[in-house]
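User: I am new to reading protein structures and would love a close look at one part. Could you walk me through a helix and what surrounds it?

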Amino acid sequence: MKQLLTTIRGCEICKDHLPLGPRPVLSANAENRILIVGQAPGTAVHKSGIPWDDPSGRNLRRWMGIDDETFYNHPYIGIVPMGFCYPGKGKTGDLPPRKECAPTWHDSLLELMPNVKLMLLIGKYAQDYYLGKTAKKNLTETVMHFDEYLPNYFVLPHPSPRNNIWVKRNNWFEEVVLPDLKVLVAQILTS
């Protein structure tokens with residue numbers, strides 16, 4: 001794992017397409033039991049090199065029912081986004097994760113993470129990649145039917161503050177989905 005992480009952190013496969021240059025950001029080890037698969041780092045995470053070190057990360061930790069210390073220091077939590085580097089800015093937000101990243105690195109990482117019990121698939125890119133044809137017609141329906149993907153996957157919208165409107169419109173998310181997520185996370189972290 002150490003050798004693979006060193007190789008990934010030196011990756012420059014898509015450097016010509018990255019406006020801030022390559023800086024792969026991930027956290028993984030063989031003990032991970034919960035794997036967080038998000039989109040790609042934003043500019044704040046690119047600068048700090050710390051995954052989910054932004055308002056989206058604070059929301060994600062609240063959704064999971066854990067504090068910063070647990071999120072960043074518990075050996076059971078791994079973070080492997082769809083794209084490891086900041087992809088650049090688009091018209092309505094950040095660009096999608098680079099397509100080279102997940103197919104190049106995810107399988108190799110997962111082979112060295114035999115204890116993963118639950119993958120949090122955050123956002124449509126992660127859900128489309130891992131769920132394939134079993135994903136529903138849109139993110140809302142996929143998240144609404146989150147229990148169909150258990151026990152291996154837990155599907156979530158992106159926790160960006162930009163999605164606060166979506167969360168308010170879909171009150172079932174905080175009433176039904178998040179309590180189940182918190183219970184599963186607590187069970188796995190204490191097992």
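Analyst: Here is a walk through helix H6, followed by its neighbour H5 and two other spots.

Keep in mind as we go that this is a predicted model. Let's start with H6, which covers residues 124-131. Which of its residues are buried? They are Ala-126, Gln-127, Tyr-130 and Leu-131. Looking down the axis of H6, you would find these buried residues within an arc of 100 degrees, so they line one face of the helix. A general rule helps here: an α-helix has 3.6 residues a turn, so residues three or four places apart point the same way.

What does that buried side pack against? The buried residues of H6 pack against two helices, H5 (101-111) and H7 (139-144), and against the strands E1 (34-37), E3 (118-122) and E4 (153-156). Just after H6 comes Gly-132, whose phi is positive, at about 55 degrees.

Now let's step across to H5. Its buried residues are Cys-101, Ala-102, Trp-105, His-106 and Leu-109. Viewed down the axis of H5, they fall within an arc of 110 degrees, so these residues also line one face of their helix. On the other side of H5, you can find Asp-107 and Glu-111, which are exposed. The buried residues of H5 pack against H6, against strand E1 and against helix H1 (2-9). Strand E1 is therefore a partner you meet twice, packed against by the buried residues of H6 and by those of H5.

Since H5 holds a cysteine, Cys-101, you may ask how many disulfides there are: the count comes to 0. Take Cys-14 and Cys-85 as a worked case. The closest cysteine sulfur to that of Cys-14 is in Cys-85, 5.8 Å away. A disulfide needs the two sulfur atoms within 2.5 Å, so 5.8 Å is too far for a bond. Both residues are buried: Cys-14 has 9% relative accessibility, and Cys-85 has 9% too.

One last stop is Asn-59, which sits in helix H3 (residues 55-64). Is Asn-59 buried or exposed? With a relative accessible area of 15%, Asn-59 is buried, because the cut-off for buried is under 20%. A polar atom of the Asn-59 side chain lies 2.8 Å from the backbone oxygen of Pro-159. Leaving aside residues up to four places away in sequence, Asn-59 touches Pro-159, Ser-160, Pro-161 and Asn-164.

Note on methods:
Residues are numbered from 1 along each chain as its sequence is written. This is a predicted model: local features need pLDDT of at least 70, side-chain atom pairs count only at pLDDT 80 or more; totals for chains, interfaces and linings use all residues. Side-chain values use heavy atoms; hydrogens and water are left out. Buried means under 20% relative accessible area, exposed over 50%, partly exposed in between (1.4 Å probe, protein chains only). Helices (H or I, at least four residues) and strands (E, at least two) are DSSP runs, numbered from the N terminus. The arc is that of the directions from the helix axis to the C-beta atoms. Contact means heavy atoms within 4.5 Å. A polar contact is a pair of N or O atoms within 3.5 Å; within protein, one must be able to donate a hydrogen and the other to accept it, and residues adjacent in sequence count only if both atoms are side-chain atoms.
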